Amino acid sequence: MEKKETFNAWFQCAGGCSGKYALNEIIYRCPNCGGLLEVCHDIEKLKKAHSKEEWKHIFDDRYKRTDWPYGSGVWGKKEIVCPNIANENIVSTYEGGSNLFWAERLGKEIGVNDLWIKQCGNSHTGSFKDLGMTVLVSMVKQMQSEGKHIPAVACASTGDTSASLAAYCAIGSMQAIVFLPRNKVSNAQLIQPLASGALTLSLDTDFDGCMKIVQEICAKNNIYLANSMNSLRIEGQKTVSYEIVQQFEWEVPDTIIIPGGNLGNVAALGKGFLEMEALGIISKRPRIICAQAANANPLYKSYLTGFKDTKPVRAKKTLASAIQIGNPVSINKAIKVLKEFNGIVEQATEDELANASAHGDKTGLYNCPHTGVALAVLFKLVKKDVIKSHERVIVISTAHGLKFTEFKLKYHENRIKNVTPHHANLPIALPAKYDAVLDAINRAIDDK
Ligand SMILES: *Cc1c(COP(=O)(O)O)cnc(C)c1O
Ligand SMILES: [Zn+2]
């Protein structure tokens, strides 16, 4: 590669093969071993440019300000995310900077006083996928500005990736093509790419089936692949680690629980912490816990073998539809992270995830079913005393609850098979009469 010396960031085989590839090259896998690539940064150069204290100041000065694009939680860390994109090519929705919510009431109820929810669903399209999509779509814009012909950007999705890709492509005037498993995404998730003008292909298969086809279509037709095997997305998603630490005045929490499907986000979370460590910004690592749905649990099964065996499973239907994935593309990256971060994998049944989500809602969270998986795992590990009451625990909430109205409605109406709703709450139908209304109110107050 003739430009090697000037690279501040480049693709490299995540499995350790030699070779560097430019970030504006269309390449997703290592040509040598076929494994995933990852973005590497010239950490020494970054350390020489600024001390760790200076970096913290730079990140703090930009955080949620209006100096475009640096007010974005992702682009405020541009030097360590993707320095190779010109600012005029950045497609951003001011993603990141999401609320770190102190779940005081929920924490008290389960016996963890320092419980926080990182609200990644409070984002432009309602999920953390925006963090990565801004980097990927901006790179497409950059490549187009350099004269590369990229007629479209495509992804397979369990609902949130497609919503995000479609929105960013709409903003950046690009054609998005999304592959969705028919009847396996929520109505809100289906309407998002449609509204954004994406070509929306509803295929009679599951996510893993969509993934196979989209890879073949992209490889043979010069269409850019936007799935998380494209490690540019991981670069944006990893900023969640920087943000959590930054929001605690650069202090590292004890434990982070994250729901995992394709496992790119676990990989991203770990990468963020390892790089902060390399930059000297932090000197301690959190424990990372990945939460899976019992109906789609290849990582959990691998964990039970001490990560000796990793086999795909056939993912069964789960209320946590965005993690209904049996053959996770980033499983090796995720395992590497879990080994580095004293990791645990735990699973949650449909009953556990639905009730945990509803319990969270009752304390004001209005969370999505995937966050429910993480909460269920939190409850379990606190009960087992694996997570101690004094720990500072962060739950990564991955999407906005408003995307999952059908799930919540069915729960409260007791219409979900194998789920007994312990927190159901239904409207009370009454005649428009004072006495009947007062009666109902008194009964509710007496119950408290
Ligand atoms: C994509 C997604 C996940 C899973 O993230 P992976 O990187 O695939 O493990 C979890 N929750 C929601 C809401 C998602 O959209
Ligand atoms: Zn390789």
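Tutor: Before we look at this predicted model, keep one definition in mind: Ala, Val, Leu, Ile, Met, Phe, Trp, Tyr, Cys and Pro count as nonpolar, Asp, Glu, Lys and Arg as charged, and the others, Gly among them, as polar.

Student: OK, so how does the shell around ligand 1 divide into those classes?

Tutor: The shell around ligand 1 holds five nonpolar, seven polar and two charged residues.

Student: And which residues come nearest to ligand 1?

Tutor: Of the 14 residues around the ligand, the nearest are Lys129, Asp160, Gly261, Leu263 and Thr398.

Student: What does the backbone of glycine 261 do there?

Tutor: A polar backbone atom of glycine 261 lies 2.8 Å from an oxygen atom of ligand 1, and asparagine 262 likewise has a polar backbone atom 2.8 Å from an oxygen atom of the ligand. For glycine 264, a backbone N or O atom is 3.2 Å from a ligand oxygen atom. Taken alone, ligand 1 exposes 390 Å², and the protein buries 97% of that.

Student: Where does ligand 1 sit, then?

Tutor: The space that ligand 1 takes is the largest cavity.

Student: Switching to the zinc ion, what coordinates it?

Tutor: The SG atoms of Cys13, Cys17, Cys30 and Cys33 coordinate the zinc ion (ligand 2), at 2.3 to 2.4 Å, and along the chain these donors follow the spacing C-x3-C-x12-C-x2-C.

Student: Why is the arrangement called tetrahedral?

Tutor: It is tetrahedral because the four donor atoms around the zinc ion subtend angles of 107 to 112°.

Methods: Residues numbered from 1 in each chain as written. Chains lettered and ligands numbered in written order. Predicted model: local features only at pLDDT ≥ 70, side-chain atom pairs only at ≥ 80, totals over all residues. Heavy atoms only, no water. Near = heavy atom within 4 Å. Polar contact = N/O pair within 3.5 Å; in protein donor to acceptor, adjacent residues only side chain to side chain. Areas by Shrake-Rupley, 256 points an atom, 1.4 Å probe, with all protein chains shown as cover. 1 Å grid on protein atoms, 1.4 Å probe; cavity = no way out; pocket = protein on both sides within 12 Å on 5 of 7 lines; lining within 4 Å. Sits in = over half its atoms within 2 Å of the grid points. Donors = N, O, S within 2.8 Å, 3.2 Å for Na, K, Ca; no water. Tetrahedral: all angles 85-135°; square planar, octahedral: opposite > 155°, others 65-115°.
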